[in-house]
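Okay, thanks for making room for me today. Let me put the structure up, and then I'll walk you through it.

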Amino acid sequence: MALTLLGSLQMKRNMDSILSWSKNSVVSGKSCSRSVWSTTPVTAMTPKVALVTGSNKGIGLAIVRALCGQFEGDVYLTARDRARGEEAVKKLNSEGLKPNFLQLDITDVSSISRAAAFFRDTYSGLDVLINNAAIAFKEEDSTPYGVKAQVTLQTNFFGTRDMLTHFMPLIKPGGRVVNVSSLWGSVTMNKCSAELQQQFRREDITEEELVELMRGFIQSAQTGQTLEHGWPQLMHGVYGVSKTGMTTLSMIVARRTSKERPHDNILVNACCPGWVHTDLNDHTGPKTPDEGAVTPAYLALLPPGAKEPHGCLVSDKQVQPW
Ligand SMILES: NC(=O)c1ccc[n+]([C@@H]2O[C@H](COP(=O)([O-])OP(=O)(O)OC[C@H]3O[C@@H](n4cnc5c(N)ncnc54)[C@H](OP(=O)(O)O)[C@@H]3O)[C@@H](O)[C@H]2O)c1
């Protein structure tokens, strides 16, 4: 019975979406006109919805837990591995929480575009996007540095970029976008050459220029010339560069959103969760994942009408220098 009700609700949402999209006839485009979000009846009828990438464990799982308790709408736990994702949903179910699940691998563009189509058709967009998924090689891992650079940036920078490319046009007015970065990205940037630092900090740096910087880093790592090209030699240096890129990208996207959708009150921020006890760092961090989720959840839940922070890097709920 419950399943039947759910099924008919889902079918109704789909029908409403299809009707509303066909009326406005912008279904297949990469971007969507603002009028679609603000005038269609389906917007008023659909619940609010939040998505967290890489949320089968660690800080992502804790963010889903926090949102299930505090966000008034549907919350999607997503994972690249279906079994790990469904296991995580069961864990939260055993705590009395009811997240939804969607398979989503941020290094697979077809997985991202399937997910984007799902949110477009089912909810006519997205209210909260938290880009949390990331990887880090262990320092002692003997994988060649150039491979570490390529693989790490593929997920942390390029995968997050693909998520933003597909999902930013779907973010509804009043939406919140949180990119879980790291203060290690700031430490890394501060150790780069003055010329690179100046590039990352430029107010008018474009996404394409940033992509070139990231590609340049991978190439330097593959040819053993990172120092010559101004990149630092640091512990977790590859991870650090991926997070320098992610924070910069978050700021670029925030500036673009302000320019292109000035009245939509969408807030885009990067954040650092702090040093958290997870698999990423072999459980060395002092904070619990729930403590690590506090700042990402705070940014995701900034109240309606809030104007800031926007385009910032935030840690412990405080804007950090860049
Ligand atoms: N822990 C810290 O101290 C710390 C500090 C600063 C920033 N951060 C940031 O916080 C975020 C969460 O880190 P964490 O410590 O919770 O790490 P974690 O426990 O290793 O969790 C990482 C999550 O990302 C997922 N993931 C990896 N590649 C993916 C892909 N291609 N598509 C979708 N999901 C993918 C993982 O899925 P699988 O289980 O399938 O691998 C896992 O669910 C990361 O962005 C990290 O950089 C963490």
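Let's begin with Ser124: is this residue buried or exposed? Ser124 has 25 C-beta neighbours inside 10 Å, and the cut-off for buried is 20 or more, so Ser124 counts as buried. Keep in mind that we're looking at a predicted model here. You'll find Ser124 in the loop between helix 6 and strand 4. Its phi is near 50°, which is a positive value in a residue other than glycine.

There's another residue of that kind, Asn265. Here phi is about 55°, again positive, and again the residue is not a glycine. Asn265 sits in the loop between helix 11 and strand 6, the strand that spans 267-272. So how does Asn265 count in terms of burial? It has 17 C-beta neighbours inside 10 Å, so it counts as partly exposed.

While we're on backbone details, have a look at Pro309. The peptide bond leading into it from Glu308 is cis, with omega near -5°. Pro309 belongs to the loop between helix 13, residues 294-300, and strand 7.

Okay, let's zoom out. The chain has 13 helices and eight strands. It runs to 322 residues, and 43% of them count as buried. If you take the contacts with a separation of 6 or more, 72% come from residues 24 or more positions apart.

Now the sheet. In what order do the strands sit? It's an open sheet of eight strands, ordered 3-2-1-4-5-6-7-8, and the pairing is mixed. At the edges you have strand 3, residues 100-103, and strand 8; each has a single partner strand, so one side of each is left without a neighbour in the sheet. From one strand to the next, the twist averages 30°.

At the strand 8 end, strand 7 and strand 8 pair in the antiparallel sense, over three bridges. One pair to click on there is Ser315 with its bridge partner Gln318 in strand 8. Over by strand 3, helix 5, residues 82-94, packs on the sheet and touches both strand 2 and strand 3. The direction of helix 5 makes about 140° with that of strand 2.

Let's go to strand 4, residues 126-131. How many of its residues are buried? Six of six, so this strand is mostly covered. Strand 1, residues 49-52, runs parallel to strand 4 and is joined to it by three bridges. Strand 5, residues 171-180, is also parallel to strand 4, with five bridges joining the two. A nice residue to find is Val128 in strand 4: Ala50 stands opposite Val128, and in strand 5 the bridge partner of Val128 is Arg176. To get from strand 4 to strand 5, the chain goes through helix 7, residues 145-167, and this β-α-β crossover is right-handed.

Helix 7 comes up again when we turn to the ligand. There are 31 residues around the ligand, and the closest are Gly54, Gly58, Ala133, Ala134 and Thr278. Which elements give two or more residues to that shell? Those are helix 4, residues 58-70, and helix 7. Helix 4 gives the most, with three residues. By type, the shell divides into twelve nonpolar, 13 polar and six charged residues.

Two more stops. First, helix 8, residues 183-190. Its buried residues are Trp184, Gly185, Ser186, Thr188 and Met189. What do they pack against? The list is helix 9, helix 11, strand 7 and strand 8.

And finally Ser111, which lies in helix 6, residues 109-123. There are 17 other C-beta atoms within 10 Å of Ser111, so it is partly exposed. Setting aside neighbours within four places in sequence, Ser111 is in contact with Gln103, Leu104 and Asp105. There's also Arg80, 31 residues away from Ser111 along the chain, and their C-alpha atoms are separated by 9.0 Å.

That's my tour, so let's open it up for discussion.

Key:
Residues are numbered from 1 along each chain as its sequence is written. This is a predicted model: local features need pLDDT of at least 70, side-chain atom pairs count only at pLDDT 80 or more; totals for chains, interfaces and linings use all residues. Helices (H or I, at least four residues) and strands (E, at least two) are DSSP runs, numbered from the N terminus. A residue is buried if 20 or more other C-beta atoms lie within 10 Å of its own, exposed if 12 or fewer, and partly exposed in between; C-beta atoms are placed from the backbone. Two residues are in contact if their C-beta atoms, placed from the backbone, lie within 7 Å. Two strands pair if DSSP finds at least two bridges between them. A crossover is right-handed if, with the strands pointing away from the viewer, the path from the first strand over the helix to the second runs clockwise. A residue is near a molecule or strand if its C-beta atom, placed from the backbone, lies within 6 Å of it. Ala, Val, Leu, Ile, Met, Phe, Trp, Tyr, Cys and Pro count as nonpolar, Asp, Glu, Lys and Arg as charged, and the others, Gly among them, as polar. Axes are lines fitted to C-alpha atoms, for helices over the stretch in contact, and angles run from 0 to 180 degrees between N-to-C directions.
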